[in-house]
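Trainee: I am new to this structure and would like a close look at a single part of it, followed by whatever else helps me to read the model. Please take your time with the answer.

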Amino acid sequence: MNATAKPLPKWRRRLPLLIPTFLLLLTVGFAFSFHFYGIVGVSMAPALQDGDMVLVQTALYTPKQGDIVVFCKPSFLNDTMVKRVIAVGGQHVKIDYEAGLVYVDGAALEEPYVAEAMVDVLDPLETNLDVTVPQGAVFLMGDNRNHSSDSRDERLGPVELEYIKGKAFYILSPAERSGPVS
């Protein structure tokens, strides 16, 4: 019996070229869509701890209430920061220190992620306690409310979307806390 060889289908002949091309596109896509940021400080405790590393989605992201975002507003500390989105453009935020509550559009937020009861630290720069968030901006607060510089501070205020770098969605921690950000 004579052995015959059939030519390989076109797609199989291109496979050696397709695999590296696919891996290159995947790597480039990842590089432009995701970044790692290190957490410095305690303003987002207990969700994020000092020393944690977070993976941040930077492409095709629109902030939503409850998301943890990374941002840098040059007019405020000129440093990359991490906070939680409390309200988006058009929503009304009212902070009641006596009750220890944050209201958005008249409804008290359920915030199981908050580190401790919020107290008024009598900071003269904390003037954004009753504000309607401008369109194209978000109101941000740290989970560790008593140890966070955030949108309550008149120097930061609501943060324009152009300063949002992305959404933190995965924690890489030196401890056993690695996993999705909540």
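Is Leu 23 buried, partly exposed or exposed, and what is its relative accessible area?

Mentor: Please keep in mind from the start that this is a predicted model. Leu 23 is partly exposed, because its relative accessible area of 46% falls between the limits of 20% for buried and 50% for exposed. The residue belongs to helix 1, which covers residues 10-33. There Leu 23 joins Leu 15, Leu 18, Ile 19 and Phe 22 in making a nonpolar surface patch of about 470 Å².

From the helix we can turn to the strands, and strand 6 is a useful one to follow. Strand 6 spans residues 101-104 and shows two faces, a covered one with Val 102 and Val 104 and an uncovered one with Leu 101 and Tyr 103. On one side of the pairing, strand 5, residues 92-96, runs antiparallel to strand 6 over 4 bridges, and among these residues Val 93 has Val 104 of strand 6 as its bridge partner. These two strands form a hairpin with 4 residues between them, and in the turn Gly 100 has a positive phi of about 70°. Strand 6 also pairs in the antiparallel sense with strand 7, residues 107-108, this time over 2 bridges. Val 104 appears again here, since its bridge partner in strand 7 is Ala 107. The hairpin of strand 6 and strand 7 has 2 residues between the strands, and Asp 105 takes a positive phi near 55° in it.

Next come the charged side chains, for which the count is 6 salt bridges. One of them joins Lys 73 and Glu 160, whose closest N and O atoms are 3.4 Å apart. This pair links distant parts of the chain, with Lys 73 in the loop between strand 3 and strand 4 and Glu 160 in strand 10, 87 residues apart. Lys 73 counts as buried because its relative accessibility is 9%, while Glu 160, at 29% relative accessibility, counts as partly exposed.

Another salt bridge brings together the side chains of Glu 111 and Arg 145, with a distance of 2.6 Å from N to O. This pair too links distant parts of the chain, for Glu 111 sits in the loop between strand 7 and strand 8 and Arg 145 in the loop between strand 9 and strand 10, 34 residues apart. Both Glu 111 and Arg 145 are buried.

A further salt bridge is formed by Arg 155 and Asp 153, the closest N and O atoms being 2.6 Å apart. Here Arg 155 is partly exposed, with a relative accessible area of 44%, whereas Asp 153 is buried, with a relative accessible area of 4%.

Finally, the loop between strand 9 and strand 10 also holds Asn 144, which is buried, with a relative accessible area of 8%. The side chain of Asn 144 reaches the backbone oxygen of Val 42 at 3.0 Å. Leaving aside residues up to four places away in sequence, Asn 144 touches Val 42, Ser 43, Met 44, Ala 45, Ala 115 and Glu 116.

Conventions:
Residues numbered from 1 in each chain as written. Predicted model: local features only at pLDDT ≥ 70, side-chain atom pairs only at ≥ 80, totals over all residues. Heavy atoms only, no water. Patch = residues over 30% accessible without salt bridge, like charges linked within 9 Å, V, L, I, M, F, W, Y side chains within 5 Å. Areas by Shrake-Rupley, 256 points an atom, 1.4 Å probe, with all protein chains shown as cover. Salt bridge = Lys/Arg side-chain N within 4 Å of Asp/Glu carboxyl O. Buried < 20%, exposed > 50% of the residue type's maximum accessible area, 1.4 Å probe, protein only. Pairing = 2+ DSSP bridges. Polar contact = N/O pair within 3.5 Å; in protein donor to acceptor, adjacent residues only side chain to side chain. Contact = heavy atoms within 4.5 Å.
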